[in-house]
Amino acid sequence: MPPRALVSTNMTEPTRPVSLTRRLLTVCRVILGPILAVLTYLALPDATFDESGVLTAGLSQEGRVTAAVGVLMATMWVLESIPLSITALLPVTLLPLLGAVPVADAAAPYARDLLFLFFGGFMLG
């Protein structure tokens, strides 16, 4: 729910200003997700390879980005700092922007036949 300067429960009741504590809580909910995502990206070890080019430890750049986006999504979902429908679309936008996967690979899970079946049912009902 977007932050509002005034809150009213009834149209006949006069509006009252939102407390400072509530505003700070809203700001913290919005900022916490990106902070945790950056910390996750920095905390994960970088990939190390042996002489033959085999991955021996750590994560690749794409793996670190994917984990950070996953933490961002989980935080945004739990705290509901943005609507859940927008949270669900974060991988489609962030993974290609951050260079983890191409756009076609990021959008592929959203284009399954079963999803279109459910979408059509929701539109009819």
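This is a short tour of a predicted model, stop by stop.

**Whole chain.** Start with everything selected and shown as a cartoon. The protein has six helices and four strands. Trace the chain from the N terminus, and the elements run β-β-α-β-β-α-α-α-α-α.

**Surface.** Now switch on the surface for the protein. About 9,300 Å² is exposed, and carbon and sulfur atoms supply 72% of that area. Of the 125 residues, 16% count as buried. Contacts tell another part of the story. Among those with a separation of 6 or more, 35% join residues 24 or more positions apart.

**Helix 1.** Select residues 20–43, which make up helix 1. Ile31 has its place here. Is Ile31 buried or partly exposed? Its relative accessible area is 41%, so Ile31 counts as partly exposed.

**The nonpolar patch.** Keep Ile31 and add Val27, Val30, Leu32, Ile35, Leu36 and Leu39. Together these residues form a nonpolar patch on the surface. Their accessible area is about 550 Å² in total. Show the side chains and turn the view along the helix. An α-helix has 3.6 residues a turn, so residues three or four places apart point the same way.

**Helix 6.** Next, select residues 113–124, the 12 residues of helix 6. Put a distance label between the end C-alpha atoms: they are 17 Å apart. At 1.5 Å a residue, the helix should span 16 Å, so the two values agree. How many of the 12 residues of helix 6 are buried? The number is zero, so helix 6 lies largely in the open.

How values were computed
Residues numbered from 1 in each chain as written. Predicted model: local features only at pLDDT ≥ 70, side-chain atom pairs only at ≥ 80, totals over all residues. Heavy atoms only, no water. Helix = DSSP H or I, 4+ residues; strand = E, 2+ residues; numbered from the N terminus. Buried < 20%, exposed > 50% of the residue type's maximum accessible area, 1.4 Å probe, protein only. Contact = heavy atoms within 4.5 Å. Areas by Shrake-Rupley, 256 points an atom, 1.4 Å probe, with all protein chains shown as cover. Patch = residues over 30% accessible without salt bridge, like charges linked within 9 Å, V, L, I, M, F, W, Y side chains within 5 Å. Salt bridge = Lys/Arg side-chain N within 4 Å of Asp/Glu carboxyl O. Expected span 1.5 Å × (residues − 1).
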